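Me: I'm new to reading protein structures, and I'd like to go through this one step by step. Could you answer my questions as we look at it together?
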Amino acid sequence: MYIVVGLGNPGRKYEHTRHNVGFDVVEILSQKYDISLNRLRCKAAVGEGTIRGERVALAQPQTFMNLSGESVVQLLNWYKAEPDHLIVVYDDVDLPEGKLRFRPSGSAGTHNGMRNIIYLVGREDFPRVRVGIGRPEPGWDMKDWVLATYRTPELRKVMFDAYMNAADAIATLIGEGVDAARQFVAKCNS
């Protein structure tokens with residue numbers, strides 16, 4: 001069983017903001033693989049199904065970003081999943097808009113949601129897919145930047161394509177493994 005966790009903040013006012021990349025990518029996976037996020041379990045909206053022949057649980061924590069680890073720990077315990085079968089997808093201000101990064105393990109970097117997950121799970125050896133949202137434009141506060149939506153149709157298209165690629169990278173990881181996911185992400189960024 002794989003657990004795919006998309007990080008974001010619950011509530012309409014946060015929908016489709018830069019910080020809700022993870023929610024949007026999980027939503028794309030739920031639509032592509034017909035997995036309805038129709039249960040509230042472990043402080044998350046959860047759906048169970050199959051991606052590339054493997055059982056998966058898709059999850060959107062409802063704890064708000066900085067407490068995402070509370071939900072992730074409960075999900076790992078509920079599904080009795082190993083950490084290497086936990087896949088987290090989230091935004092990254094240190095990557096240019098629309099670029100992806102895949103790592104099979106690593107630190108939280110500057111992301112508070114990932115810091116909380118690593119702290120509560122007690123390890124960092126689980127895969128993650130990060131989607132670049134870029135640095136704030138001059139005059140923008142970081143908090144306002146990550147909670148803003150994409151302002152131009154061109155940028156919305158770039159980001160939608162990145163979200164689709166992130167979803168496909170996760171499916172590739174589940175179906176074909178780490179090396180295939182790494183190659184897929186490299187191809188997306190070229």
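Me: In what order do the seven strands of the open sheet lie?
Reply: Happy to help, and keep in mind that this is a predicted model. The sheet is open and its pairing is mixed. The edge strands, each pairing on one side only, are β2 (39-41) and β6 (100-103). Reading across from one edge, the order is β2-β3-β4-β1-β5-β7-β6.

Me: By how much are neighbouring strands of this sheet turned against each other on average?
Reply: Here the direction of the strands is ignored. On average, the turn between neighbours is 25°.

Me: Which helix packs on the sheet, touching β1, β3, β4, β5 and β7?
Reply: The strands touched are β1 (2-6), β3 (44-51), β4 (54-61), β5 (86-92) and β7. The direction of the helix makes about 145° with that of β4. Covering residues 21-32, this is helix α1.

Me: Is α1 largely enclosed by the rest of the structure or left open, and how many of its residues are buried?
Reply: A residue counts as buried when its relative accessible area is under 20%. In α1, those residues are V21, G22, F23, D24, V25, V26, I28, L29 and S30. They pack against α5 (153-176) as well as β1, β3, β4, β5 and β7. The helix is largely enclosed, because the buried residues number nine of the twelve.

Me: How far does α1 reach from its first C-alpha to its last?
Reply: The helix has twelve residues, and at 1.5 Å a residue the expected reach is 16 Å. The model comes close to that, with a reach of 17 Å.

Me: Which residue follows α1, and what is its phi?
Reply: The residue after the helix is D34. Its phi is positive, near 50°.

Me: How many residues of β5 are buried?
Reply: On one side, β5 runs parallel to β1, joined by four bridges, and G6 has V89 as its partner. β5 also pairs with β7 in the parallel sense over five bridges, where the partner of Y90 is R130. The strand is largely enclosed by the rest of the structure, because its buried residues number seven of the seven.

Me: In which sense do β6 and β7 pair?
Reply: Strand β7 covers residues 128-132 and shares four bridges with β6. One of the bridge partners is R128 in β7, matched with R103. The pairing is antiparallel.

Me: Which residues make up the uncovered face of β6?
Reply: This strand has two faces. L100 and F102 are on the covered one. The uncovered face has R101 and R103.

Me: Is R18 buried or exposed?
Reply: R18 is found in the loop between β1 and α1. Leaving aside neighbours within four places in sequence, R18 is in contact with D91, E97, I133, W145, V146, A148, T149, Y150 and L155. The cut-off for a buried residue is under 20% relative accessible area. With a relative accessibility of 2%, R18 is therefore buried.

Me: Is α2 oblique to α3 or roughly parallel?
Reply: Helix α2 (residues 68-79) and helix α3 (residues 112-121) have axes 7 Å apart and pack at an angle of about 45°. Angles under 35 degrees would count as roughly parallel. At its angle, α2 is therefore oblique to α3.

Me: Is the crossing of α2 and α3 left-handed or right-handed?
Reply: The residues in contact include S68, G69 and E70 of α2, with G113, N116 and I117 among those of α3. The crossing of these two helices is right-handed.

Conventions. Residues numbered from 1 in each chain as written. Predicted model: local features only at pLDDT ≥ 70, side-chain atom pairs only at ≥ 80, totals over all residues. Heavy atoms only, no water. Pairing = 2+ DSSP bridges. Axes fitted to C-alpha atoms, helices over the stretch in contact; angles between N-to-C directions. Contact = heavy atoms within 4.5 Å. Expected span 1.5 Å × (residues − 1). Buried < 20%, exposed > 50% of the residue type's maximum accessible area, 1.4 Å probe, protein only. Parallel < 35°, antiparallel > 145°, perpendicular 65-115°, else oblique. Left-handed = near helix turned anticlockwise from the far one by under 90°.
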